Structures are given as structure tokens and as C-alpha cells.
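Please read the points below alongside the model; they concern overall organisation, the domains and the nonpolar core.

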Amino acid sequence: MKKLPFKNKILLAPMEEVNDIAFRLLCKKAGAGLTYTGLTSPLTKQKIELQDKPALQLFATNTKEIKKFIKKYDKQVSMWDFNLGCPAKNARKKGFGSFLKDLKIIEKILKTIKESTKKPVTIKFRKSNISFEIIKIAEKYCNAICIHPRTQSQGYSGKSDIEFAKKIKQQTKLPVIYSGDIDEKNYKKFLKDFDYIMIGRKAIGNPNIFSKLNNKKTNYNFNDWLKLAKKYNLHFRQIKFQAMNFSKGKRNSRKLRNKIAQCKTLKEIKNLTLIKFKNYKFLGY
Ligand SMILES: Cc1cc2nc3c(=O)[nH]c(=O)nc-3n(C[C@H](O)[C@H](O)[C@H](O)COP(=O)(O)O)c2cc1C
């Protein structure tokens with residue numbers, strides 16, 4: 001069995017938009033066992049930064065494109081993950097993510113991925129009527145599986161079906177990564193039932209959750225993110241988005257977020273937090 005590239009059992013869940021290179025690097029420094037990119041199309045025109053050596057999550061069905069893409073980035077990643085869970089409209093349009101239900105196509109894709117790399121391969125999928133068929137295919141081509149036990153129609157709301165995830169764990173010898181509603185209070189329980197766990201929403205604007213759950217202490221804030229964002233030339237749109245994320249859970253955060261939304265320059269964001277919210281530690285000054 002191929003060794004999984006996890007430094008510990010608590011991983012950063014793949015999150016489109018949220019998991020930019022700066023955020024992933026902070027989560028890694030804070031102690032995430034592995035970072036994941038958000039879903040990525042082999043046809044993307046955006047520059048892909050992989051300095052954190054993440055799991056790169058594929059979102060595609062065309063095997064030729066997948067092969068070419070893996071060849072291009074294989075050295076820079078720790079692992080390849082295939083997305084079978086995305087519930088969004090653009091996934092429906094393309095027949096990707098949770099809308100990809102054709103088991104023959106799923107098998108063809110996983111076979112292609114496995115044949116294109118020596119790195120570990122995983123899939124991330126949801127609760128559905130084909131979950132158990134997916135496991136059978138995964139056992140031929142994957143080194144671990146990840147279950148987010150919500151249905152496609154639930155999206156990200158409602159309860160995740162933990163009992164369903166436990167059945168998945170019982171059905172397979174592959175290591176199982178669990179994703180869904182993990183927080184600082186419940187993570188130990190999930191670590192007993194599953195091999196690895198992922199933190200998604202609770203890590204947004206809060207990379208320090210990884211040090212906390214690993215009994216360490218880090219104090220990364222928006223300013224640390226910003227330094228990395230500048231290094232990697234991230235767009236102002238992304239700076240605004242992460243400024244709002246890092247303000248969550250802080251004093252006056254709703255008011256602050258509304259103001260950030262109106263900012264047109266980085267200076268405006270800085271002034272806003274420095275002047276209007278004097279003792280506010282969000283920028284780290
Ligand atoms: C903003 C956002 C973006 C997401 N993007 C992806 C993605 O690109 N690929 C993926 O497999 N899951 C994606 N997810 C799902 C998460 O990886 C995770 O499975 C889900 O949020 C449940 O975990 P949580 O309760 O810890 O957030 C996304 C979730 C959120 C909130």
C-alpha cells in the first residue's frame with residue numbers, strides 16, 4: 001500500500017476560492033496534516049501555485065486532458081484527488097462532481113489518474129445511491145477515500161449523516177477520510193471512528209485551528225496572509241474576500257465586513273481596520 005503524504009490526521013478540506021496559495025501555506029505552517037487545492041479544471045487559465053506541495057483536486061472528465069495535466073504538475077504535488085462531490089450549478093452543466101454518476105466513466109478516469117502518476121490517488125464523494133459502487137471502483141485505483149456524507153441536494157446545509165459514513169468505513173479496507181461539520185469540540189470523536197479528518201468551514205479565516213487541534217500554538221492573522229498574498233501576486237478581489245473571512249468571529253465583524261465589501265484599494269482596507277476599529281487586531285498591527 002502506497003504511503004499517504006499526511007503529516008498528521010487533521011487535513012485542510014478542499015475549498016474553491018478559499019484555499020488560495022497564501023491560505024494553504026498558512027494552514028500548513030499552522031500544522032495541517034495536508035492541504036488540498038479547491039477543485040481544479042485541467043483547462044484552467046489561472047496560474048497554479050503549488051509551493052505547499054498540496055493534494056491537487058481534479059475536476060474533469062476528459063481523460064486526455066487529465067493525463068496532460070498530471071504530467072505537467074505531478075512533481076509539484078503530494079497527491080491527486082478526484083472530485084465526485086461538487087453540487088454546484090456549473091458541475092451540473094458539465095456533468096462533473098456529484099453529477100457524474102456513470103460508473104464506467106468514473107472507472108475510466110480513476111484508471112487514467114492511477115496510470116499517470118506514482119503519487120497516491122484519492123477520491124472525495126458524497127452520500128448517494130452509488131456511494132458503495134464508487135468504493136468498489138476506488139479499491140482498484142485509489143489509496144484512500146474521502147466521504148462528505150451529505151447528499152447533492154443538501155449542498156452544505158442540514159445534517160451530515162455520520163452513520164452513513166461509518167457504514168462506508170466498515171465496507172472498505174482503504175483508509176477513510178471524514179469530512180463534514182468537524183470543529184474544536186467534536187474532532188476527537190471523529191478521529192476514533194475514521195482514519196483521517198478534514199476541516200473545512202471552521203478553518204476559513206482561522207488557520208490557527210490546525211495548531212490548536214495539534215496542541216500547539218500559532219497566531220497567524222490577516223496580515224500574515226497578506227504578506228504571502230503579495231508574494232504570490234493575488235488579485236485585489238481575493239484580498240477583499242480573505243479580509244472578510246479573517247474578520248469572522250471578531251468584534252464588530254459584520255459591520256467590518258460590510259465596510260470591507262465597499263473598499264476599492266488595499267489602502268482603504270488597511271485604513272478601515274486601523275482607524276475605525278482601533279484596537280482591532282485583525283491586521284496584526
Ligand atoms: C466555500 C467552500 C468551497 C468548497 N469547495 C470544495 C471543492 O473545491 N472541492 C471539494 O471536494 N469540496 C469542496 N467543499 C466541501 C468541503 O471540502 C467539505 O467537504 C464540506 O464543506 C464539509 O466540511 P465542513 O463542515 O468542515 O466545511 C467546499 C466547501 C466550502 C464551504
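1. Of the contacts in the protein with a separation of 6 or more, 57% join residues 24 or more positions apart, two residues being in contact if their C-beta atoms, placed from the backbone, lie within 7 Å. This is a predicted model, in which local features need pLDDT of at least 70 and side-chain atom pairs count only at pLDDT 80 or more, while totals for chains, interfaces and linings use all residues. Residues are numbered from 1 along each chain as its sequence is written.

2. The C-alpha trace spans about 60 × 40 × 35 Å along its principal axes, and buried residues (20 or more other C-beta atoms within 10 Å of their own, C-beta atoms being placed from the backbone) make up 42% of the 285 residues.

3. The domain assignment, automatic or from a database, gives domain 1 (10-213) and domain 2 (233-276), whose C-alpha centres lie 29 Å apart. Seven residues of domain 1 are in contact with seven residues of domain 2.

4. The largest nonpolar core, a set of buried Ala, Val, Leu, Ile, Met, Phe, Trp, Tyr and Cys residues joined through C-beta atoms within 7 Å, has 80 residues, with L11, I123 and I177 making the most contacts inside it. Helix α1 (residues 21-30), a DSSP run of H or I with at least four residues, gives the most to this core, with seven residues, and the core draws at least three residues from each of domain 1 and domain 2.

5. Leaving aside neighbours within four places in sequence, L11 is in contact with F6, A32, G33, L34, Y36, I177, Y196 and M198.

Conventions
Buried ≥ 20, exposed ≤ 12 C-beta atoms within 10 Å, placed from the backbone. Helix = DSSP H or I, 4+ residues; strand = E, 2+ residues; numbered from the N terminus.
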